[in-house]
Amino acid sequence: MEHRHPFVPYKPERYEPEEMVRRGEEFHRLVDRRRSVRQFSPEPVPYRCVELAVRAANTAPSGAHQQPWKFVVIGDPETRRRVREAAEAEERQNYEGGRLPPEWRAALEPLETGSDKGYLEVAPWLVVCFAEKYGLTSEGEKVRHYYVNESVGIACGLFITALHVMGLSTLTHTPNPMAFLGEICRRPANERPYILFPVGYAAEGGEVPDLARKPLEEALIPMYVNLGLS
Ligand code: IYR
């Protein structure tokens, strides 16, 4: 093969079992404190922090290493206002215009969401993640991308985790439909808006729904695993 990647040695850290568990527990405690936030403080957040979260996202594994993500960072109040207005216009059709199917509406009821998306103007940054449905060569030829959803989803998971590590909050917001984000961000046709993230400090005194994590017995099915119980 002509275009083979060169291979290089890779030696990840190794720890004693107790240390592995200690680190795993510590990481779980950290991520378990993350919550989706809809009430933000208007306090400014250094751009460097957003950049670092995107750097973390940019380490995600991806189909054929095509890295099919793009993160557009919006900071100016005028563009944030346009995003808010466009998102609210769509959501009004969902919530007040009867566009949300009853089943979906029922699933959302406990979260008390609605068409007011004021937080999109309060949070100092809006980060729009785009998924590259296909790539383009310098000659404009389409290049097939593989596992785009999985790859971009993993990148976004790293993004929200990196923000949380820095003490910042976000919301995985998916105003529906979100084609308006491609227009406002002036992205080409091969990029599909994937998630809109307001980023900032959680508002002081803000609240989140009192949700529980799915019990481990439901999330984890150890199949033929010797748990050492008998
Ligand atoms: N996009 C709408 C509705 C919505 C959908 C889901 I799934 C949520 O978890 C929360 C909201 C909105 O932003 O209100």
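The lining of the largest pocket in this predicted model divides into 11 nonpolar, 7 polar and 6 charged residues. In total, 24 residues line the pocket, and its volume is about 490 Å³. Arg38, Leu111, Thr113, Leu171 and Thr172 are the lining residues that lie nearest the centre of the pocket. Two elements, α3 and α4, give two or more residues each to this lining. The greatest contribution comes from α3, with 3 residues.

The ligand sits in this largest pocket. In the shell around the ligand, the elements that give two or more residues are α3, spanning 77-95, and α4, spanning 102-108. Helices α3 and α4 thus appear in both descriptions, that of the pocket lining and that of the ligand shell. The residues that surround the ligand are Arg38, Glu91, Tyr95, Trp104, Leu108, Leu111, Gly114, Lys117, His173 and Thr174. By class, this shell comprises 4 nonpolar, 3 polar and 3 charged residues. Arg38 and Leu111 belong to the shell and are also among the residues nearest the centre of the pocket.

Polar contacts to the ligand involve side chains of the shell, including those of Glu91, Tyr95 and His173. For Tyr95, an N or O atom of the side chain is 2.5 Å from an oxygen atom of the ligand. For Glu91, the partner is a nitrogen atom of the ligand, at 2.9 Å from an N or O atom of the side chain. For His173, a polar side-chain atom lies 3.3 Å from a ligand oxygen atom. On its own the ligand has 380 Å² of accessible area, and the protein covers 73% of this area.

The protein as a whole contains 8 helices and 6 strands. Read from the N terminus, the order of these elements is α-α-β-α-α-α-β-β-β-α-β-α-β-α. The C-alpha trace spans about 55 × 55 × 40 Å along its principal axes.

Two features of the backbone fall in loops. The peptide bond from Asn176 to Pro177 is cis, and its omega is near -10 degrees. Pro177 is located in the loop that runs between β5 (169-170) and α7 (179-184). The ligand-shell residues His173 and Thr174 have numbers that also fall between those of β5 and α7. The second feature concerns Gln67, a residue other than glycine with a positive phi, near 45 degrees. Gln67 is placed in the loop between α2 (47-57) and β1 (69-74).

How values were computed:
Residues numbered from 1 in each chain as written. Predicted model: local features only at pLDDT ≥ 70, side-chain atom pairs only at ≥ 80, totals over all residues. Heavy atoms only, no water. Near = heavy atom within 4 Å. Polar contact = N/O pair within 3.5 Å; in protein donor to acceptor, adjacent residues only side chain to side chain. Areas by Shrake-Rupley, 256 points an atom, 1.4 Å probe, with all protein chains shown as cover. 1 Å grid on protein atoms, 1.4 Å probe; cavity = no way out; pocket = protein on both sides within 12 Å on 5 of 7 lines; lining within 4 Å. Sits in = over half its atoms within 2 Å of the grid points. Helix = DSSP H or I, 4+ residues; strand = E, 2+ residues; numbered from the N terminus. Nonpolar A, V, L, I, M, F, W, Y, C, P; charged D, E, K, R; others polar. Points joined across faces, edges and corners; volume = space filled by probe spheres on them.
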